[in-house]
Amino acid sequence: MDSEKALELVKHGVTLLFLDVPQYTMVAIDTHMFHVGPAFKGIKMIPPGTHFVYYSSSSRDGKEFSPIVGFFIDAGNSEVIVRKWDQQEERLVKASEEEEERYSQAVKNLEFDGQLGPYNLSHYEDWKRLSNFITKNVIERLEPIGGEITVESENEIVRNSTKIPMEEAPEKQLKVGNSASSVGKSQRKGCYYTSIPRVVKCKGISGQELTSLNLDKTQLIETLLAKDYGGSEDMLLGELQFTFVVFLMGQSLEAFLQWKSLVSLLFGCTEAPFRTRTQLFTKIIKVIHNQLKFGLQKDHMGETGSALLDDSLISADSFLHHVCKTRKFKELLESSLGWEFQLGSAVDGIYFEENDEYAPVVEMLDDEAVVS
């Protein structure tokens with residue numbers, strides 16, 4: 001890149017100024033990671049728009065790291081975002097208005113230019129494919145109070161969630177435990193994700209109708225779109241991308257559970273793709289395909305904190321193996337992971353393996369249908 005082009009990007013791009021960050025701290029933005037050295041003061045030449053910033057404090061020798069803390073930004077041209085390191089809390093905090101104004105002017109005068117690492121523009125297309133539906137409205141709707149997303153606030157959420165055996169490994173890997181220090185250090189709440197029922201319960205209908213509602217989630221997704229997403233398909237897609245980014249890069253198990261629920265819901269619809277929601281499902285397939293394509297690339301595994309995409313979550317008995325059976329996903333997963341998809345018994349066009357936990361069971365109790 002020539003000097004004129006670089007200077008233009010410095011002046012018109014977004015700048016993150018991080019002050020007093022200890023050496024060896026891991027700092028990252030989108031798909032690009034930095035390990036803080038003695039001269040590091042932040043990141044420059046960031047394209048305007050939506051980004052995910054995340055970091056992890058380190059021990060003095062740089063060998064052990066704390067749980068990741070992340071936050072989304074939606075920044076405009078030439079915007080400077082200033083954060084200062086709080087030594088006691090071991091996290092980045094906002095500067096006062098007076099400090100932010102003073103430091104912002106210093107950045108625009110290029111006083112910190114030599115201490116700012118450049119944004120990796122060669123990876124920007126990857127980030128856009130992962131985040132093109134994450135807008136300011138999506139962020140404001142989902143982010144926790146204060147904006148910080150961390151696994152430390154998920155202890156209660158994760159302990160109370162229902163998990164299958166293959167999800168126990170990432171829980172241990174992410175150190176989501178019962179320690180008093182973890183719970184006491186942060187009372188911050190988790191994200192405000194949409195509540196998605198695992199099964200549909202409805203009184204006054206026959207068992208056959210109830211079974212049909214649970215085999216085909218089209219009506220459920222229509223209800224959620226109207227009630228929770230204000231009729232906006234893009235808001236739903238935004239949450240799908242938000243959760244993937246937060247679980248992949250922020251190592252959030254809560255985000256993974258929500259992403260899993262959304263994927264299972266979307267691939268549980270057999271009627272909608274062929275009727276009124278054709279464009280939505282075309283976008284969904286593209287979004288999830290881009291997510292898996294990025295997450296399963298070996299050069300990304302471990303680079304952006306993708307500890308959750310380990311063998312326990314990409315094994316043949318994972319939920320992905322059950323729901324991702326469209327041709328495009330089959331080709332991607334068969335080539336990436338060596339999976340072989342075999343069809344079991346068919347019910348209304350949906351295939352379930354024997355003893356498949358995702359196949360709904362209908363029980364009739366006192367003339368009222370209940371799905372378990």
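## Exercises on a mixed sheet

In this predicted model, Gly-42 stands opposite Leu-116 in β9.

**Exercise 1.** Find the strand that pairs with β9, and state in which sense and over how many bridges the two pair.

*Solution.* Begin with the pair already named, in which Gly-42 faces Leu-116 of β9. The partner strand is β4, which covers residues 42-46, and it pairs with β9 in the parallel sense over 3 bridges. Next, turn to β1: Leu-17 has Gly-42 in β4 as its bridge partner, and β1 and β4 run antiparallel, joined by 3 bridges.

**Exercise 2.** Work out the order of the strands in the sheet, and explain why one side of β8 and of β9 is left without a neighbour.

*Solution.* To the pairs above, add that β1 and β7 are parallel partners over 5 bridges, with Leu-19 opposite Lys-84 in β7. The full order is β8-β7-β1-β4-β9, an open sheet of 5 strands with mixed pairing. Because β8 (91-94) and β9 (116-118) stand at the edges and have a single partner strand each, one side of each lacks a neighbour in the sheet. From one strand to the next, the twist averages 30°. Helix α2 (residues 97-108) packs on this sheet, where it touches β1 (14-19) and β7 (80-86), and its direction makes about 120° with that of β7.

**Exercise 3.** Decide whether the residues on the two faces of β1 are buried or exposed.

*Solution.* In a regular strand, side chains alternate between the two faces of the sheet. On one side of β1 lie Val-14, Leu-16 and Phe-18, on the other Thr-15, Leu-17 and Leu-19, and all of these are buried. Since 6 of the 6 residues of β1 are buried, the strand is largely enclosed by the rest of the structure.

Methods
Residues numbered from 1 in each chain as written. Predicted model: local features only at pLDDT ≥ 70, side-chain atom pairs only at ≥ 80, totals over all residues. Heavy atoms only, no water. Pairing = 2+ DSSP bridges. Helix = DSSP H or I, 4+ residues; strand = E, 2+ residues; numbered from the N terminus. Axes fitted to C-alpha atoms, helices over the stretch in contact; angles between N-to-C directions. Contact = heavy atoms within 4.5 Å. Buried < 20%, exposed > 50% of the residue type's maximum accessible area, 1.4 Å probe, protein only.
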